[in-house]
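Me: Here is a structure to work through. Keep the answers short, and finish each on what was asked.

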Amino acid sequence: MKNTSSSPSSPEKSACALPSHVAIDLSKTKVQKTEEEWRRLLTPTQYRVTREQGTEPPFRNEYWDNHADGVYFSSCSDTPLFDSRDKFDSGTGWPSFTKPIDAALVGETTDTSHGMRRTEVHSNVDGAHLGHVFPDGPGPAGLRYCINSASLRFLSRAEYDAWLGKRNSKQA
């Protein structure tokens with residue numbers, strides 16, 4: 001994929017590099033906390049990205065170049081969002097995925113900020129801003145979920161399998 005990130009010689013920023021300014025209906029989320037609680041639970045970067053719809057720098061974030069096998073959870077809840085098997089190198093400097101683990105867990109909202117039309121994605125469980133989805137990805141759906149590392153927490157496949165085992169034993 002073409003690298004669309006900004007560089008010192010080009011003042012233009014990619015659509016991924018711009019924060020969102022959409023209203024997300026948090027009344028429908030399952031995990032609800034006060035702003036003070038979120039500030040205590042998250043790092044300053046995680047708070048800015050997930051709660052204030054910010055964006056982290058490309059190529060200088062935790063998971064853009066992670067090639068380990070596992071699952072990416074929301075940094076704001078115990079919600080699995082993306083599988084590493086659906087991750088690909090988009091050349092943008094952010095983790096990119098072809099699809100979420102379960103479409104019901106990821107909401108979409110039209111974002112018309114910064115003079116463009118984009119689709120903002122967020123966690124339906126905790127309301128965390130994740131990033132944006134674009135129609136320029138590989139595969140049959142052709143989607144690229146451009147996701148901020150600060151909105152994610154990675155578990156290796158073994159850790160994820162253990163998490164699933166604990167969850168399934170609690171439900172039995």
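**Cavity, fold and salt bridges**

Me: What volume does the largest cavity have?
Reply: A cavity is a set of points on a 1 Å grid over the protein atoms alone, where a 1.4 Å probe fits but cannot get out. Its volume is the space filled by probe spheres set on the points, joined across faces, edges and corners. For the largest cavity, that comes to about 30 Å³.

Me: What kind of model is this?
Reply: Residues are numbered from 1 along each chain as its sequence is written, and side-chain values use heavy atoms, leaving out hydrogens and water. Local features need pLDDT of at least 70, side-chain atom pairs count only at pLDDT 80 or more, totals for chains, interfaces and linings use all residues, and the model is predicted.

Me: How many cavities of 30 Å³ or more does the search find?
Reply: The search covers the whole structure. With the threshold at 30 Å³ or more, the count is 1.

Me: Which residues line the largest cavity?
Reply: A lining residue has an atom within 4 Å of a point. By that rule the lining consists of C16, T55, W94, H129, G131, H132, C146 and N148.

Me: Which strand gives the largest share of that lining?
Reply: Strands are DSSP runs of E with at least two residues, and helices are runs of H or I with at least four, both numbered from the N terminus. The largest share is 3 residues, and it comes from a strand covering residues 129-134. That strand is β7.

Me: How many lining residues are charged?
Reply: Asp, Glu, Lys and Arg count as charged; Ala, Val, Leu, Ile, Met, Phe, Trp, Tyr, Cys and Pro as nonpolar; the others, Gly among them, as polar. The lining divides into 3 nonpolar and 5 polar residues. Charged: no residues.

Me: What pattern does the protein follow along the sequence?
Reply: There are 3 helices and 9 strands in the protein. Read along the sequence, they give α-α-β-β-β-β-β-β-β-β-β-α.

Me: What percentage of the residues is buried?
Reply: Buried means under 20% relative accessible area, exposed over 50%, and partly exposed in between (1.4 Å probe, protein chains only). The protein has 172 residues. The buried part is 49%.

Me: What share of the accessible surface belongs to carbon and sulfur atoms?
Reply: The area comes from the Shrake-Rupley method with a 1.4 Å probe. The total is about 9100 Å². Carbon and sulfur hold 51%.

Me: What percentage of the contacts in the protein join residues at least 24 apart?
Reply: A contact has heavy atoms within 4.5 Å. The base is contacts between residues at least 6 apart in sequence. Those at least 24 apart make up 62%.

Me: How many salt bridges does the search find?
Reply: A salt bridge puts a side-chain nitrogen of Lys or Arg within 4 Å of a carboxyl oxygen of Asp or Glu. Over the whole structure the number found is 8.

Me: Are E36 and R40 buried or exposed?
Reply: Their side chains form a salt bridge, 2.9 Å from N to O. The two sit 4 residues apart in helix α1 (residues 35-41), so about one helical turn separates them. Both E36 and R40 are exposed.

Me: How far apart in sequence are the parts that D69 and R157 tie together?
Reply: Their salt bridge brings the closest N and O atoms to 2.8 Å. D69 is in the loop between α2 (44-50) and β1 (70-74), while R157 is in helix α3 (residues 157-171), so the tie spans 88 residues.

Me: Is R157 buried or exposed?
Reply: Its partner D69 is partly exposed, at 37% relative accessible area. R157 has a relative accessibility of 12%, so R157 counts as buried.

Me: Which residues are joined with R157 into one network?
Reply: D83 has 11% relative accessibility and counts as buried. The side chains of D83 and R157 form a salt bridge, 2.8 Å from N to O. D83 lies in strand β2 (residues 80-83) and R157 in helix α3, so parts 74 residues apart in sequence are tied together. Through shared partners, salt bridges join R157 with D69, D83 and R85.

Me: Where does F59 lie?
Reply: Phi of F59 is near 65°, positive although the residue is not glycine. F59 is partly exposed, with 32% relative accessible area. Its place is the loop between α2 and β1.

Technical notes:
1 Å grid on protein atoms, 1.4 Å probe; cavity = no way out; pocket = protein on both sides within 12 Å on 5 of 7 lines; lining within 4 Å.
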